[in-house]
Amino acid sequence: MHPDRGEPLHARQLLVATGRRTDFAALGIGAVGLDESARDIEVDEHLRAADGVWAIGDITGRGAFTHMSMYQARLAAADILGTATDPAQYHAVPRVTFTDPEVGAVGMTEAEARDAGLTVRTAVTDLAASTRGWIHKVGNAGLIKLVEDADRGVLVGATSVGPQGGEVLSALAVAVHAEVPTHTLRGMIYAYPTFHRAIETALDSLA
């Protein structure tokens, strides 16, 4: 469908490009005792792959994101320099697809949370129904979805779709990363009128 007019969009060809592969043999990692036939390079919580070898980015299998490489680079550099740091944490990895509307997500999906054996509560709110959605008018389609571990009362995942979806995701990423209790999130003051205010609506709908 055409994103603005809601009409069918016709095309002769559709290009779908997914995934990348790393040629470990070309990198010569066998010289340091690593498996050149592996899909990813296994690293520890400080990004160490072997004695005197650190690996960051796509090759660690933690997501092909620039921000992942930057995060891991900071931890690896600290370890190389002998600076104490917290171990790498991947429970709140954000990812954003810069389409129109933007699609952002952080942490676990509902299916992943259920597969992990969590007691799951979810909520979805319509972004277009928010005050900012009404002000925005055309192109206001979107949603915010929350995935809560009901036993602990914290969000383990969230999705933000809509205008500035990647920016709205930042508040959700903080909540998932820091395991902020949902009752604390409900007690926050959300700026009006903003898209992220729809988070409050979603919190009220958790069930």
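**Surface, strands and backbone details of the predicted model**

The accessible surface of the chain amounts to about 12700 Å², and carbon and sulfur atoms contribute 54% of that area. The structure described here is a predicted model. Its C-alpha trace spans about 60 × 50 × 30 Å along the principal axes. Of the 207 residues in the chain, 34% are buried. Among contacts with a separation of 6 or more, 48% link residues 24 or more positions apart.

The chain holds seven helices and seven strands, and their order along the sequence is α-β-β-α-β-β-α-β-α-β-β-α-α-α. A convenient place to begin is strand β6, residues 143-149, which has five buried residues out of seven and is therefore largely enclosed by the rest of the structure. Strand β6 has pairing partners in both β5 and β7. With β5 (residues 120-126), β6 runs antiparallel through seven bridges, and here Leu146 of β6 stands opposite Ala123. Strand β7 (residues 154-162) is likewise antiparallel to β6 and is joined to it by seven bridges; within this pairing, Asp149 has Val154 of β7 as its bridge partner. Four residues lie between the strands of the β6 and β7 hairpin, where Gly153 adopts a positive phi near 70°.

Turning to the pockets, the largest one offers about 330 Å³ of space. Its lining comprises 13 residues, and those closest to the pocket centre are Arg20, Arg21, Arg39, Asp40 and Asp58. By character, the lining residues of this pocket divide into five charged, four polar and four nonpolar.

Several backbone details may also be of interest. The peptide bond from Asp100 to Pro101 is cis, with omega near 10°; Pro101 sits in the loop between β3 (94-97) and β4 (102-107). Tyr192 and Pro193 are also joined by a cis peptide bond, with omega about -10°, and Pro193 belongs to the loop between α6 (182-186) and α7 (198-204).

Positive phi angles also occur at residues that are not glycine, including Leu47, at about 70°, and Glu179, at about 50°. Leu47 is located in the loop between α1 (24-27) and β1 (48-50), and because its relative accessibility is 0%, Leu47 counts as buried. Glu179, by contrast, is partly exposed, with a relative accessible area of 38%, and is found in the loop between α5 (165-178) and α6.

Key. Residues are numbered from 1 along each chain as its sequence is written. This is a predicted model: local features need pLDDT of at least 70, side-chain atom pairs count only at pLDDT 80 or more; totals for chains, interfaces and linings use all residues. Side-chain values use heavy atoms; hydrogens and water are left out. On a 1 Å grid over the protein atoms alone, a cavity is a set of points where a 1.4 Å probe fits but cannot get out, and a pocket is an open set with protein on both sides within 12 Å along at least five of seven lines; lining residues have an atom within 4 Å of a point. Grid points are joined across faces, edges and corners, and a volume is the space filled by probe spheres set on the points. Ala, Val, Leu, Ile, Met, Phe, Trp, Tyr, Cys and Pro count as nonpolar, Asp, Glu, Lys and Arg as charged, and the others, Gly among them, as polar. Buried means under 20% relative accessible area, exposed over 50%, partly exposed in between (1.4 Å probe, protein chains only). Helices (H or I, at least four residues) and strands (E, at least two) are DSSP runs, numbered from the N terminus. Two strands pair if DSSP finds at least two bridges between them. Contact means heavy atoms within 4.5 Å. Accessible areas come from the Shrake-Rupley method with a 1.4 Å probe; for residues, only the protein chains shown count as cover.
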